[in-house]
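Got the viewer open and a selection box ready? Let's walk through this one stop by stop.

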Amino acid sequence: HLILPDQTIYRGFFAFRRLAWMVPALLPFAPLMYLPGAAWAGPRVYRIIASSRRRFETCENDACRI
């Protein structure tokens, strides 16, 4: 979730897409997330990545479970 100062809330892919404009390392990818079909494909790809994110955890304590 991304909550902007004006209380606009973005979730999932749309939060990541908006955040890409704010994080310098992601800025080169931000325009790609607005290509035709991105609003359709983005949430699906995001869902796949989010559902398997536990495989990428490197924590050895309970901090990652928060």
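Before you click anything, one cut-off: a residue is called buried here when its relative accessible area is under 20%, exposed when that value is over 50%, and partly exposed in between. Keep in mind, too, that what you're looking at is a predicted model.

**The whole chain**

Start with a cartoon view of the protein chain. You should find 2 helices and 2 strands, and following the sequence they come in the order β-β-α-α. Now colour by burial: of the 66 residues, 20% are buried. Switch on a surface and you have about 5,600 Å² of accessible area, with carbon and sulfur atoms accounting for 63% of that. As for contacts between residues at least 6 apart in sequence, 21% of them link residues at least 24 apart.

**Helix 1, inside**

Next, select residues 12-20, which is helix 1. Which of its residues are buried? Show side chains for F13, A15, R17 and A20, and you have them. Now add strand 1 (2-3), strand 2 (9-10) and helix 2 (38-51) to the selection, since those are what the buried residues of helix 1 pack against.

**R17**

Stay in helix 1 and zoom in on R17. Where is the nearest side chain of opposite charge? Draw a distance to D6 and you get 15 Å, so R17 is buried without a salt bridge, a bridge needing a side-chain nitrogen within 4 Å of a carboxyl oxygen. To see what does surround R17, skip the neighbours within four places in sequence and select M33, Y34 and A39, which are in contact with R17.

**L19 and the nonpolar patch**

Still in helix 1, move along to L19. Is L19 buried or partly exposed? With a relative accessible area of 32%, L19 counts as partly exposed, because that value falls between the 20% and 50% cut-offs. Turn the surface back on and select L19 together with W21, M22, L27 and Y34: these make a nonpolar surface patch of about 470 Å². You've met Y34 already, as one of the contacts of R17.

**S52**

For the last stop, go past the end of helix 2 and pick S52, in the segment that follows. S52 has a relative accessible area of 13%, which is under 20%, so S52 is buried. Then show the backbone of I48: its oxygen sits 3.1 Å from a polar atom of the S52 side chain.

Note on methods: Residues numbered from 1 in each chain as written. Predicted model: local features only at pLDDT ≥ 70, side-chain atom pairs only at ≥ 80, totals over all residues. Heavy atoms only, no water. Helix = DSSP H or I, 4+ residues; strand = E, 2+ residues; numbered from the N terminus. Buried < 20%, exposed > 50% of the residue type's maximum accessible area, 1.4 Å probe, protein only. Contact = heavy atoms within 4.5 Å. Areas by Shrake-Rupley, 256 points an atom, 1.4 Å probe, with all protein chains shown as cover. Patch = residues over 30% accessible without salt bridge, like charges linked within 9 Å, V, L, I, M, F, W, Y side chains within 5 Å. Lys, Arg positive; Asp, Glu negative; His and termini not counted. Polar contact = N/O pair within 3.5 Å; in protein donor to acceptor, adjacent residues only side chain to side chain.
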